[in-house]
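Student: Could you take me through one part of this model closely, in a single connected account, and then place it beside the rest of the chain?

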Amino acid sequence: MCGNRQVIFDNKTKDQMKKAEQLRELLFHVNMVVQKNGGKPYTNDVIEEVKVTELKEQLQRWSFEEQHKGITETVKSKLKEPLHSLEKQLEKERAARLEAERKICELRDSLEKTQRETEVGLT
């Protein structure tokens with residue numbers, strides 16, 4: 001967009017000759033741009049092109065963010081159902097395990113009681 005023009009400055013130089021040469025180079029490029037644009041330092045076309053480019057980039061970023069958000073929401077909703085199903089299954093298995101442990105305790109108590117009664121009957 002700038003016609004591959006660039007000017008590099010040594011901002012720290014104390015050399016007055018170097019500063020003057022840098023200034024001449026800058027003014028040369030400014031004059032070339034003004035000449036090329038019919039006496040104006042810039043044209044509306046250039047500004048419009050920059051604005052359009054910026055808008056396109058902004059739209060692409062926005063589109064990407066919206067797409068990312070949409071994909072994230074889709075994945076979340078797809079995972080929510082299996083997760084809910086797994087949570088239900090886990091709860092059922094916990095309940096079954098607690099019931100089995102309760103029955104084991106009852107059987108153990110019953111066995112110990114029977115063993116005590118058997119020992120008492122033998123003596």
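**A close look at helix α1**

Tutor: Leu 26 is partly exposed in this predicted model, its relative accessible area being 30%. The residue belongs to helix α1, which covers residues 16–36, and that helix is the part I will follow. Leu 26 is also a member of a nonpolar surface patch, which it forms with Phe 9, Leu 23, Leu 27 and Val 30; taken together, these side chains offer about 400 Å² of accessible area.

Consider next the helix as a whole. With 21 residues at 1.5 Å a residue, α1 should span 30 Å, and the distance between its end C-alpha atoms, 30 Å, agrees with that expectation. Seen down the axis of α1, the buried residues fall within an arc of 40°, so they line one face of the helix. The residues in question are Gln 22, His 29 and Val 33, which are buried, whereas Gln 16, Met 17, Asn 31 and Gln 35 are exposed on the other side of α1.

Gln 22 deserves a separate word, for although the residue is found in helix α1, its contacts reach beyond the helix's own neighbours in sequence. With residues up to four places away left out of the count, Gln 22 touches Ile 8, Phe 9, Asp 10 and Thr 13. The relative accessible area of Gln 22 is 10%, under the 20% limit, and the residue therefore counts as buried. Phe 9, one of the residues that Gln 22 touches, is also a member of the nonpolar patch described above.

The helix carries a charged pair as well. Side chains of opposite charge can pair when their charged atoms come close. In α1, the side chains of Glu 21 and Arg 24 meet in a salt bridge, with 3.1 Å from N to O; these two residues stand 3 residues apart in the helix, about one turn. An α-helix has 3.6 residues a turn, so residues three or four places apart point the same way. Both partners keep some accessible surface: Glu 21 is partly exposed at 43% relative accessibility, and Arg 24 is partly exposed at 48%.

To set that pair in context, the count of salt bridges comes to 6, and helix α2, residues 44–122, offers examples. Arg 97 forms a salt bridge with Glu 101, where the closest N and O atoms are 3.8 Å apart, and these residues lie 4 residues apart in α2, about one turn of the helix. Arg 97 counts as partly exposed at 46% relative accessibility, as does Glu 101 at 37%. Further along, the side chains of Glu 106 and Arg 102 meet in a salt bridge at 2.3 Å, N to O, and, being 4 residues apart in helix α2, they are separated by about one helical turn. Glu 106 is partly exposed at 44% relative accessibility, and Arg 102 is partly exposed with a relative accessible area of 39%. This pair is part of a network of salt bridges that links Glu 99, Arg 102 and Glu 106.

Finally, a word on α2 itself, in which Gln 67 lies. Gln 67 counts as exposed, with 51% relative accessibility, and its C-alpha atom is separated by 74 Å from that of Glu 117, 50 residues apart along the chain.

Notes:
Residues numbered from 1 in each chain as written. Predicted model: local features only at pLDDT ≥ 70, side-chain atom pairs only at ≥ 80, totals over all residues. Heavy atoms only, no water. Patch = residues over 30% accessible without salt bridge, like charges linked within 9 Å, V, L, I, M, F, W, Y side chains within 5 Å. Areas by Shrake-Rupley, 256 points an atom, 1.4 Å probe, with all protein chains shown as cover. Salt bridge = Lys/Arg side-chain N within 4 Å of Asp/Glu carboxyl O. Buried < 20%, exposed > 50% of the residue type's maximum accessible area, 1.4 Å probe, protein only. Contact = heavy atoms within 4.5 Å. Expected span 1.5 Å × (residues − 1). Arc of directions from axis to C-beta.
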